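Dear colleague,

Please find the structure below, followed by a summary of what was found in it.

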Amino acid sequence: MTQTYNITGMTCNGCLSKVQKLLEQVKGVSNVNINLEKGEAAIEMKTAIANEVFKSALQDYPKYQITAALPVMEMHHHTMAAASMDEDEKKLWIVTYKPILLIFLYISVISVITASSANGYNTMTAMRVFMAAFFLIFSFFKMLDINGFADSYSMYDIVAKKFKPWGYLYVFIEALLGVSYALNFQPFITNIITATVMTVSIIGVLKSVLNKTKIRCACLGAVFNLPMSSITIIEDALMITMSLLMLFLIK
């Protein structure tokens, strides 16, 4: 018998090979065929094997999560439970993107507080602090596993796909942009670089989301397993908009 499973956390062929080898070692498994792009594995087995057995096979690598796809015989139950699943998906969305939502909230609060004074509110300062915190925090998470980020980024970025070292350079560019915004160093040049880099980045993101490609978003590096979605588009678009607006406001 053959059962299809969904596997998250795989970002490259190396991940595919590792997961395939681990699953093939499970007693009773005769063949494992993995589709990296879809994040799916078709596992042939002599008799039914509990999903917990496969989870145990991957337990030493917690970033790889395996779940059984919905069997054909249960499809009619899926239709009956559609309303309930929609509610569960909303809850799952909040849980999935909780890290990035919290980061944006904290950055926004810090920016507003910093830009507020007895003399009024300085919009330019708020945007500069926001950009500084954004780039520094996001580059920090990428640096925790720079190799994992480079692997994930090369899956969808138009430059990193052809030149993988760009993924490594991108991390340090983000960090330098964060420092530049924090110091208000050469604001014209800093904003030009930001607008250019983020515009290139958003192209790959748009292609992936529009094509409904199920891959991991590398915005927070390999620390959090965030799927590519409209959140990533909003994130990049916000950086582009703010950098262009700051260029316009520079005196």
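The accessible surface of the protein comes to about 14,200 Å², and carbon and sulfur atoms account for 64% of this (Shrake-Rupley method, 1.4 Å probe). This is a predicted model, in which local features need pLDDT of at least 70 and side-chain atom pairs count only at pLDDT 80 or more, while totals for chains, interfaces and linings use all residues. Residues are numbered from 1 along each chain as its sequence is written, and side-chain values use heavy atoms, with hydrogens and water left out.

The protein has 10 helices and 8 strands (DSSP runs, numbered from the N terminus: H or I of at least four residues for helices, E of at least two for strands). Of its 251 residues, 41% are buried (under 20% relative accessible area, 1.4 Å probe, protein chains only).

The largest nonpolar core (buried Ala, Val, Leu, Ile, Met, Phe, Trp, Tyr and Cys residues joined through side-chain atoms within 4.5 Å) holds 36 residues, of which Ile 100, Phe 134, Phe 135, Phe 138 and Met 239 touch the most other members. Helix H6 (123–144) is among the helices that each supply at least two residues of this core, and H6 gives the most, with 9 residues. A second, separate core has 22 residues, including Ile 34 and Tyr 64.

Leaving aside neighbours within four places in sequence, Phe 135 is in contact (heavy atoms within 4.5 Å) with residues including Glu 174, Tyr 181 and Met 239.

Yours sincerely

Technical notes
Buried < 20%, exposed > 50% of the residue type's maximum accessible area, 1.4 Å probe, protein only.
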